[in-house]
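User: Could you take one part of this model and walk me through it slowly? I'm in my first year, so I'd like to see how the side chains meet each other.

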Amino acid sequence: MKAEKMIRAIGEIDDRYLLEAAETPSKKSSWKVAAVAAACFVAVISIGYGAVSLSGMFSAKSAGPGLAAANSAAMSEYATAKEDIFEAGGANVNGSVSDEEEADMLPAASENEGYPEIAVRDEISEAPIANEPAASPSAPSSVETQTSAELPPGMSVMKLKSAEKADETRWKLILYDAQGELFEFEMERTAFAMPPEKLQAGVMLEIRYGEGYEPVEILYYSAE
Amino acid sequence: MEDQKIVELYFERSEQAIEESARKYGALCRSISQNILHDPSEAEECLNDTFFKAWNAIPPAKPAHLGAYLAKIARNISLNRLEHNNAEKRGGGSVEVALDEIENVVASAELEAFGEEDLSGLINRFLSGEKKEHRQMFLRRYFYFDTPAEIARRFSMSENRAAVILFRMRTRLREFLRKEGVSI
């Protein structure tokens with residue numbers, strides 16, 4: 001079996017990597033967390049001051065200049081701390097996010113220990129999915145009003161870039177994820193709730209994921 | 001005791017080599033067997049077999065990293081035993097789930113032309129290009145057969161994050177193998 005061959009091959013991996021994985025990982029430094037907390041605190045104070053100033057509770061003559069200077073310094077400190085964090089590898093300044101951060105944005109994993117077997121099409125169609133919204137696969141228009149935040153765990157809506165036949169039974173999909181990055185995968189034709197031939201670029205697909213976050217089903221789609 | 005010293009004890013055919021190996025690496029090897037077999041008594045038997053096999057193999061073998069060497073032996077013995085135990089049944093244990101995950105990486109791949117050593121070389125190269133933490137997570141999952149929950153605890157992250165990182169590593173591995181000529 002191919003998977004077993006891979007598992008055996010992983011067993012012959014370089015000793016250095018095995019020892020590296022056996023060692024206890026070093027605790028992540030807490031300075032980043034502290035810096036973010038400090039920056040947030042400064043920002044909250046600054047915003048609070050701004051709100052108070054706007055409401056006219058303080059006289060501009062008495063306290064304004066001093067506090068304004070403090071506010072300016074605080075904002076500068078916040079900006080510096082933020083840059084430090086970005087440079088430290090937390091995320092790119094241009095807004096793209098790392099795997100770790102993106103993972104946090106994704107739906108929570110199942111509470112089940114380990115991974116259950118991936119559901120097959122027939123099981124899905126026969127039994128209702130836990131926490132699935134009331135909308136049925138035959139009612140694609142419901143996607144239009146559904147935001148990602150409202151989706152149950154293990155589901156997401158993505159915009160289709162292209163769909164093409166990969167082979168006799170599989171279809172290759174290229175989609176944009178929530179961050180606008182391309183996401184590509186292939187799926188069995190049986191995983192589509194509707195004929196994949198009808199898919200057009202720009203439609204929104206609702207995708208159901210397995211426990212390993214592999215897409216397992218395209219439940220329905222609608223125009224953007 | 002230093003690994004080198006323990007290996008020397010093996011070469012001297014001193015039984016203290018086994019004691020020292022068990023003291024230093026017994027827990028590691030036992031946890032691998034336990035993760036694979038989920039049976040403490042079988043894990044204990046695999047541990048004994050591991051040291052017995054090491055005793056017979058050293059010399060002539062002279063492992064540079066005794067811990068990794070023993071871990072590999074323990075893993076192979078445990079996988080063989082699992083294969084034997086599961087000849088007729090296939091459950092939802094940690095190894096079976098890991099196999100399912102890897103199956104997605106190599107589904108329809110033409111691996112027949114590749115020996116285990118070739119594949120190991122490719123996986124080594126793939127891992128060398130990964131971040132240290134991701135590499136550790138990958139091996140915790142597919143070498144040591146830790147569950148995603150255990151990995152999440154070990155790396156102080158949510159289970160969700162661990163699952164996503166592993167999924168993306170599998171995707172990258174699949175792509176890497178494709179580029180390296182393993183038809184997928």
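Analyst:
**A close look at the side-chain contacts**

Let's start with a charge and a ring: Arg13(B) lies over the face of Trp55(B), 4.0 Å from the centre of the ring. Keep in mind that this is a predicted model. Chain B has another arrangement of this kind, where the charged end of Lys62(B) sits over the ring of Phe11(B), at 5.7 Å from its centre.

Now to rings that meet rings. A pair of aromatic rings is described by the distance of the centres and the angle of the planes. Over all chains, the structure holds 6 aromatic pairs. Take Phe183(A) and Phe185(A): their ring centres are 5.7 Å apart and their planes are at 70°, so this pair is edge-to-face. Planes over 60 degrees apart get that label. Phe183(A) has a relative accessible area of 17%, so it counts as buried, and Phe185(A) is buried too, with 9%. In chain B, Phe143(B) and Tyr144(B) have their centres 4.8 Å apart and their planes at 70°, so they also make an edge-to-face pair. Both of these residues are buried. Chain B also has an aromatic cluster, formed by Phe126(B), Phe138(B), Tyr142(B) and Phe176(B).

One member of that cluster leads us on to the nonpolar core. Phe138(B) is in contact with Leu127(B), and Leu127(B) is one of the two residues with the most contacts inside the largest nonpolar core, the other being Leu139(B). This core has 63 residues. Its largest share, 9 residues, comes from helix α4 (residues 66-85) of chain B. In general, nonpolar side chains tend to be buried together in soluble globular proteins.

What is Leu127(B) in contact with, leaving aside its neighbours within four places in sequence? In chain A, the partners are Ile13(A) and Tyr17(A). In chain B, they are Arg135(B), Phe138(B), Leu139(B) and Met169(B). Apart from this core lies another one, of 20 residues. Among its members are Leu175(A), Phe185(A), Ile207(A) and Phe167(B), and you'll remember Phe185(A) from the edge-to-face pair with Phe183(A).

Arg135(B) is worth following, too. Its side chain meets that of Glu20(A) in a salt bridge, at 2.7 Å from N to O. Glu20(A) lies in helix α2 (residues 15-22) of chain A and Arg135(B) in helix α7 (residues 132-142) of chain B, so this pair joins two chains. Are these two charged residues buried or exposed? Both Glu20(A) and Arg135(B) are buried.

That is one of the 17 salt bridges that the structure holds over all chains. Within chain A, the side chains of Glu188(A) and Arg170(A) make another, at 3.0 Å from N to O. Glu188(A) sits in strand β3 (residues 182-188) and Arg170(A) in strand β2 (residues 170-176), so the bridge ties together parts that are 18 residues apart in sequence. With a relative accessible area of 32%, Glu188(A) is partly exposed, and Arg170(A) is partly exposed as well, at 23%.

Over in chain B, Glu130(B) and Arg172(B) form a salt bridge of 2.9 Å, N to O. Glu130(B) is in the loop between α6 (116-128) and α7, and Arg172(B) is in helix α9 (residues 159-179), so this pair ties together parts that are 42 residues apart in sequence. Here the partners fall into separate classes: Glu130(B) counts as buried at 12% relative accessibility, whereas Arg172(B) is partly exposed at 30%. Chain B also has a network, in which salt bridges that share partners join Glu42(B), Glu45(B), Asp49(B) and Arg81(B).

Let's step back to chain A as a whole. It has 6 helices and 5 strands, and from the N terminus on the elements run α-α-α-α-α-α-β-β-β-β-β. Of its 224 residues, 36% count as buried. Among the contacts in chain A between residues at least 6 apart in sequence, 53% join residues at least 24 apart.

Finally, a word on confidence. Chain A averages a pLDDT of 63, and 48% of the residues score at least 70. Among its elements, β2(A) has the highest mean pLDDT (87) and helix α6 (residues 121-126) the lowest (37). The pLDDT is below 50 over residues 81-97 of chain A, a stretch with 18 contacts in the model beyond near neighbours in sequence. Residues 104-149 of chain A also have a pLDDT below 50, and that stretch has 72 such contacts.

Key: Residues numbered from 1 in each chain as written. Chains lettered and ligands numbered in written order. Predicted model: local features only at pLDDT ≥ 70, side-chain atom pairs only at ≥ 80, totals over all residues. Heavy atoms only, no water. Salt bridge = Lys/Arg side-chain N within 4 Å of Asp/Glu carboxyl O. Helix = DSSP H or I, 4+ residues; strand = E, 2+ residues; numbered from the N terminus. Buried < 20%, exposed > 50% of the residue type's maximum accessible area, 1.4 Å probe, protein only. pLDDT = per-residue confidence, 0-100. Contact = heavy atoms within 4.5 Å. Phe/Tyr/Trp six-rings, centres within 6.5 Å; stacked < 30°, edge-to-face > 60°. Lys NZ or Arg CZ within 6 Å of the ring centre and 35° of its normal. Core = buried A, V, L, I, M, F, W, Y, C linked by side-chain atoms within 4.5 Å.
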